[in-house]
Amino acid sequence: RRRSIVAMSPEQNPLRASDVRERNEKLVLRLIHGSGDRGFSQSEAVAATGLKAPTIFRIFSSLEAAGYIELAPQGAAEAVPAGRSERKGRRPASYLARAEACVLVGVEFWAGSLSLGVFDFRGRALYSKVFPLDPAQGAEKVLATVAARVSKALAGLGIATERVLGLGLGAPGQVDVGRRAVSFYARIPGMTDFPAAERLESRLGLPVTIHNNCSVVALSEFRHGDLGEEDSTFMFLLRSGVNGAFVDSGRLHLTSRGRTIETGHLSVSLDGPDCPCGSRGCLEARLCALDRGNLDAGRWLFEGLGPELAAGGKRAAAAASVLDEASASLASAARTVSRLFEPASYLFVAASAEVAEGLAGRVRARIAEAGSGFDRVLPAFHGRAYDPALAQRGAADLVLDAFFLA
């Protein structure tokens, strides 16, 4: 560590005392924020960070004066660690992130709808709605609609722009996170190399953090869903098409060029149907060919199969046959994903739990039946219905992550 500091010139890393203070404050604030309703004490912060007690005291005092934290109610005091005897007198006070410190906005959209949530600093929803979108109006007007909905929601809540920490945007298609633009999304005209974050910032006067909409759903399912203790998960989202996202230890994977991954355009059949991306045999093209009726009506892939599966008889058998075909292509894609990332679990998110769980079970069975030497230990497989509230929270989490890492 010492050699690396000496070798780096001040021009490469001009670290001032104020920078160190701010980083330490963000580090401690993140720990307090992550403790949720349990609270976090100064002694815990000393143990977790290695900073000295007087420094931690100053940081807590500064954060409290700035309105970011507050004392936890009585009863939320620090638990005594195992193996340490409880001392006499008052136990250390715990602190919570102050809900009113700021507001976060989470937006997730695609060609069919816009999902919008507003959250306080503790992650509690103040507003949550889903609105239809008309993709034919083009990229500029779609973003204008998003901005208008956000402005109206904040005005209705009586929230001034100054209180908003930022807006997290889950955009469709491939997203260039570094350039903060949608690289390509075929279902909304004009959404190619489209600077979506910059457009929203100019309309709203708010800082915008952008990622792919599939990524924010995966991030939220990983952090706030009930996937268990897996340290990584790969999610397939089936909507007007199909895409995927890989979350590893709480972080979203990007390509080497800073773009989101495009699972829907993995090749699963060299002689398959033509794809809107210009290639053929893509996973998305294969799945869309199985359900043209729903897609042409602006609905989700396999949206109508849930009721069919529950109906029983010939209708259920026909629906199951479609899922069987879809699972063959998804299993092929999952094998490729496993060779690249080796996730601990797979998550399938679709219009209904019946469809998502049906696909998860079928893909698992196909991989188990025709596994190679690399598939001796199978990952877990989960299926979930799309939850707009979770998508909104995942988008809002983009703002928190950017804030804490700044």
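This report describes the overall build of a predicted protein model and then one set of paired strands.

## Overall fold

The secondary structure of the protein consists of 13 helices and 16 strands. The radius of gyration is 24 Å, close to the 22 Å that the globule rule gives for 406 residues, and the protein is therefore as compact as a globular protein of that length. Taken along the principal axes, the box filled by the C-alpha atoms is roughly 70 × 50 × 50 Å.

## Interior and contacts

Of the 406 residues in the protein, 47% are buried. Among contacts with a separation of 6 or more, 64% join residues that are 24 or more positions apart.

## Surface and charge

The exposed area of the protein is about 19,900 Å², and carbon and sulfur atoms supply 51% of this area. The protein carries 48 positive and 44 negative side chains. The centres of these two sets of side chains lie 5 Å apart.

## Strands β8, β9 and β10

Strand β8 covers residues 174-176 and strand β9 covers residues 181-184; the two pair in the antiparallel sense over three bridges. Within this pairing, Val175 has Val182 of β9 as its bridge partner. Four residues lie between the strands of the β8 and β9 hairpin, in which Arg180 takes a positive phi near 60°.

Strand β9 also pairs with strand β10, which spans residues 192-194. This second pairing is antiparallel and has two bridges. Here the bridge partner of Val182 is Phe194 in β10. Val182 thus appears in both pairings, with Val175 as a bridge partner and with Phe194 as another.

Note on methods:
Residues are numbered from 1 along each chain as its sequence is written. This is a predicted model: local features need pLDDT of at least 70, side-chain atom pairs count only at pLDDT 80 or more; totals for chains, interfaces and linings use all residues. Side-chain values use heavy atoms; hydrogens and water are left out. The radius of gyration is taken over C-alpha atoms; the globule rule is 2.2 Å times the number of residues to the power 0.38. Buried means under 20% relative accessible area, exposed over 50%, partly exposed in between (1.4 Å probe, protein chains only). Contact means heavy atoms within 4.5 Å. Accessible areas come from the Shrake-Rupley method with a 1.4 Å probe; for residues, only the protein chains shown count as cover. Lys and Arg count as positive and Asp and Glu as negative; His and the chain ends are not counted. The place of a charge is taken as NZ of Lys, CZ of Arg, CG of Asp or CD of Glu. Two strands pair if DSSP finds at least two bridges between them.
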